[in-house]
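Please examine the structure shown below with attention to its charged side chains and its enclosed spaces. The paragraphs that follow take these topics in turn.

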Amino acid sequence: MAAGAGLLRALGLAALLLPAVPRGPPGGAERRCFCQVTGHIDDCTCDVETIDAFNNYKLFPRLNKLLESDYFRYYKVNLKKPCPFWNDNSHCGIRDCAVKPCPTDEVPDGIRSASYKYSEEANNHAEECEEANRLGAVDESLSKETQRAMLQWTRHDDSSDSFCEADDIHSPDAEYVDLLLNPERYTGYKGPDAWKIWNSIYEENCFKPQNVKRPLAPGRDDGGHMFYKWLKGVCIEKRAFYKLISGLHASINIHLSARYLLQDTWSEKKWGPNVTEFQQRFDEVLTRGEGPRRLKNLYFLYLIELRALSKVLPFFERPGFQLYTGNKSHDAEIKNLLLEILHLAKSFPLHFDENSFFAGNKKEAAKLKEEFRLHFKNITRIMDCVGCFKCRLWGKLQTQGLGTVLKILFSENLIGKIPESGPSYGFRLTRQEIVALFNAFGRVSTSVRELENFRNILRNMQ
């Protein structure tokens, strides 16, 4: 198998040349991908079957409708930021790698005029009032320069809770993108540049010692024994970090396999599920046992993101909160749908228990949490090194969404203090974070749904 083949699986990365998929009796192909993707999920009290039923028949249809609304389909992003880690400005020349930004007049006025505020009143007053109140709360006897400096320090403190390297949405290079018109799918992006992205993520940011080789790494043929022995022995936080990244990787692989370019002629393009591509990424034999583990990590990621949605309900439930686009009746309808989804998330019977994270000695826990935060923030910065613009778009959105999930889970005390009315100074989410949060979970939810489709196809294969 080619060097690093286990890495080139996401952000639009194309399939590597792998052995032909073996034929077998009916149902054999399904068993090779899914026989281990069942039952209990490690470090959780939940099982795969409970998630499948909950997601596919209850949550997914509602979430899909939400993400088609104007508030959630327009995402402002800067795709022109240079890579901060290596001098490489090469970009993918494949046409399917391109992103088509929105003309200004196509974005609803309410979104353009207030990209991170939530209501018509907030558009006019909230930011000015909040800054004035916070400046005044510092000390009116101080000079205005000192007050503003202290406000900047406060903002810096706020950023210490951030798990993402967020784009400056006021930059001239930041543009609105219609996510529905730029869907995540297979683009053909591959090669050394693509390999470098995932190699940097896994080797430099997942807490792994250099002497511990990943499964399928060059020169390793122990079935991942050494790697999984190491992973089992580390603390739950570091193990969870790896599983979140692996789950995100698996989720994106599923999107690329489910929306593959099957036909490309002068008259039409046809996109659909590519079963061979899916097997090359997840078949137990072809991946030497790694495929089913990756799918299990997808379900772990699902539970983490679902837990965050259940925890953040008080923030969105406040009467003054609006998903503001300028269309009052539609905005109210979408907020009701959003709250329905959040209440549904809260009703899930087997939530992940994040209280086991960062427990024990407070000093050591605080140090570990900061390492956890900085490692993930670094991964969000790596997204600016992706050469395929469509892959970069969805990579930035999904890592920002997962970063927002982590921000929510580690802000439980602040969320518990949110007042029923008025501004929430302790815990805040920008519009960018809100759009990324729900679209990122939408991607994971879609992956779980697509697995059912691939399972049915493989079941009928000879």
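What is the relative accessibility of Glu203, and how does Glu203 count on that basis? The model is a predicted one, and in it Glu203 has a relative accessibility of 25%, so that this residue counts as partly exposed. Glu203 pairs with Lys208 in a salt bridge whose closest N and O atoms lie 3.2 Å apart. Lys208, by contrast, counts as buried, at 9% relative accessibility.

The salt bridge of Glu203 and Lys208 belongs to a wider set: the count for the structure comes to 18 salt bridges. Side chains of opposite charge can pair when their charged atoms come close. Another such pair is formed by Arg112 and Asp109, with 2.2 Å between the closest N and O atoms. These two residues belong to helix α4 (residues 109-113), and because they are three residues apart in that helix, about one helical turn separates them. Asp109 is exposed, with a relative accessible area of 55%, while Arg112 is partly exposed at 34% relative accessibility.

Asp384 and Lys396 form a further salt bridge, in which the closest N and O atoms are 2.7 Å apart. This pair links distant parts of the chain, twelve residues apart: Asp384 is in the loop between α14 (362-382) and α15, and Lys396 is in helix α15. Both partners are buried, Asp384 having a relative accessibility of 4% and Lys396 one of 8%. Elsewhere, Arg307, Lys311, Glu354 and Glu412 are joined into one network by salt bridges that share partners.

Which charged residue is buried yet has no salt bridge? Arg185 fits this description, and its nearest side chain of opposite charge, that of Asp96, is 5.0 Å away. Since a salt bridge requires the nitrogen and the carboxyl oxygen to be within 4 Å, the separation of 5.0 Å does not qualify. Arg185 is located in the loop between β2 (175-178) and α7 (192-205). Beyond its neighbours within four places in sequence, Arg185 is in contact with Leu256, Arg259, Trp271 and Lys390.

The enclosed spaces come next. Rolling a probe the size of a water molecule over the atoms shows where empty space is left. Seven cavities of 30 Å³ or more are found in the whole structure, and the second largest holds about 130 Å³. Its lining has 13 residues, of which Glu165, Ala166, Asp167, Lys396 and Gln400 are the closest to the centre. Two or more lining residues come from each of β1 (74-77) and α15 (389-409). By type, the lining of this second largest cavity divides into four nonpolar, four polar and five charged residues. Lys396 thus appears in two settings, as a salt-bridge partner of Asp384 and as a residue lining the second largest cavity.

Note on methods. Residues numbered from 1 in each chain as written. Predicted model: local features only at pLDDT ≥ 70, side-chain atom pairs only at ≥ 80, totals over all residues. Heavy atoms only, no water. Helix = DSSP H or I, 4+ residues; strand = E, 2+ residues; numbered from the N terminus. Buried < 20%, exposed > 50% of the residue type's maximum accessible area, 1.4 Å probe, protein only. Lys, Arg positive; Asp, Glu negative; His and termini not counted. Contact = heavy atoms within 4.5 Å. 1 Å grid on protein atoms, 1.4 Å probe; cavity = no way out; pocket = protein on both sides within 12 Å on 5 of 7 lines; lining within 4 Å. Points joined across faces, edges and corners; volume = space filled by probe spheres on them. Nonpolar A, V, L, I, M, F, W, Y, C, P; charged D, E, K, R; others polar.
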